[in-house]
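What follows is a walk through one protein structure, from its interior to its charged and aromatic side chains. Please keep the sequence and the 3D view at hand while reading.

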Amino acid sequence: MVDFLIVITTVDNQDAARKLSRSAVEASLAASGQVTGPIETTYRHLDKVSEGTEYQVTFRTASDRREALEKHLVDNHPYDSPEVIAFTIGAGRTEYLDWIARATR
């Protein structure tokens, strides 16, 4: 049985978010990518607290595509050390999950 995931990353501009979303779907690494933003972010980096604006990209994928998707995101990401986190989809409509499986092959 294939498990399914939500994978999230953030970037500093909408164009970069759209490019990551499109390139991952075109490569069949994700069934979909949704760009949300702008979002306000507070973060600690190099011992300094900062604030900024980011865009979040949320992907739906099959668990066996996670490593390839993560590599793609890191290789094409504008940040040196990007956030790439994944959550298991615990339940969903069979038809929807089947679509994710088909779209990531």
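A salt bridge links E67 to R66, and the closest N and O atoms of the two are 3.9 Å apart. The model is a predicted one, and the distances here come from its atoms. E67 has a relative accessibility of 61% and is therefore classed as exposed, since the cut-off for that class is over 50%. R66 has a relative accessibility of 29%, so this residue counts as partly exposed.

R66 also takes part in a salt bridge with E70, where the closest N and O atoms are 2.6 Å apart. Both E70 and R66 belong to helix α2, and they are four residues apart, about one turn of the helix. E70 is partly exposed, with a relative accessible area of 31%. Further along in the numbering, K71 and D75 form a salt bridge with their closest N and O atoms 2.6 Å apart. K71 and D75 likewise both lie in helix α2, four residues apart, or about one turn of the helix. Both K71 and D75 are exposed. Through shared partners, salt bridges connect R66, E67 and E70 into one network. In total, the structure holds six salt bridges. As a general point, side chains of opposite charge can pair when their charged atoms come close.

Helix α2 also takes part in the interior. In soluble globular proteins, nonpolar side chains tend to be buried together. Here the largest nonpolar core has 14 residues, and those with the most contacts inside it are V7, V11, A17, A24, F59, L69 and L73. Two or more residues of this core come from each of β1 (4-11), α1 (14-26), β3 (48-62) and α2 (66-76). The element that gives the most is α1, with four residues. L69 can serve as a point of entry: leaving aside residues up to four places away in sequence, L69 touches V7, A24, L29, F59 and T61. There is also a second, separate core of nine residues, which includes A62, I89, I100 and A101.

Strand β1 deserves a look of its own. Which of its residues point one way, and which the other? F4, I6, I8 and T10 point to one side of β1, while L5, V7, T9 and V11 point to the other, and all of them are buried. Eight of the eight residues of β1 are buried, so the strand is largely enclosed by the rest of the structure.

The partners of β1 can be followed from L5. Strands β1 and β3 pair in the antiparallel sense over eight bridges, and L5 stands opposite T61 in β3. T61 is thus a residue to note twice, because L69 touches T61 as well, by the rule that contact means heavy atoms within 4.5 Å. β1 is also joined by four bridges to strand β4 (residues 85-88), and these two strands run antiparallel. In that pairing, L5 stands opposite T88 in β4.

The remaining helix to visit is α3 (residues 94-103), whose buried residues are L97, I100 and A101. Viewed down the axis of α3, its buried residues fall within an arc of 100°, so they line one face of the helix. Two of these buried residues, I100 and A101, are included in the second core. The cover over the buried residues of α3 includes β1 and β3. What does the face turned away from the buried side of α3 carry? That face carries the exposed residues E95 and R102.

Helix α3 also holds a pair of aromatic rings. A pair of this kind is described by the distance of the centres and the angle of the planes. The structure has one aromatic pair by the rule applied here. Its members are Y96 and W99, whose ring centres are 5.4 Å apart and whose planes stand at 40°, so the pair is tilted. Y96 and W99 are three residues apart in helix α3, so about one helical turn separates them. Y96 has a relative accessibility of 35% and so counts as partly exposed. W99 is partly exposed too, with a relative accessible area of 31%.

Definitions and conventions
Residues are numbered from 1 along each chain as its sequence is written. This is a predicted model: local features need pLDDT of at least 70, side-chain atom pairs count only at pLDDT 80 or more; totals for chains, interfaces and linings use all residues. Side-chain values use heavy atoms; hydrogens and water are left out. A nonpolar core is a set of buried Ala, Val, Leu, Ile, Met, Phe, Trp, Tyr and Cys residues joined through side-chain atoms within 4.5 Å. Buried means under 20% relative accessible area, exposed over 50%, partly exposed in between (1.4 Å probe, protein chains only). The arc is that of the directions from the helix axis to the C-beta atoms. Two strands pair if DSSP finds at least two bridges between them. A salt bridge is a side-chain nitrogen of Lys or Arg within 4 Å of a carboxyl oxygen of Asp or Glu. Rings of Phe, Tyr and Trp (its six-membered ring) pair if their centres lie within 6.5 Å; planes under 30 degrees apart count as stacked, over 60 as edge-to-face and the rest as tilted.
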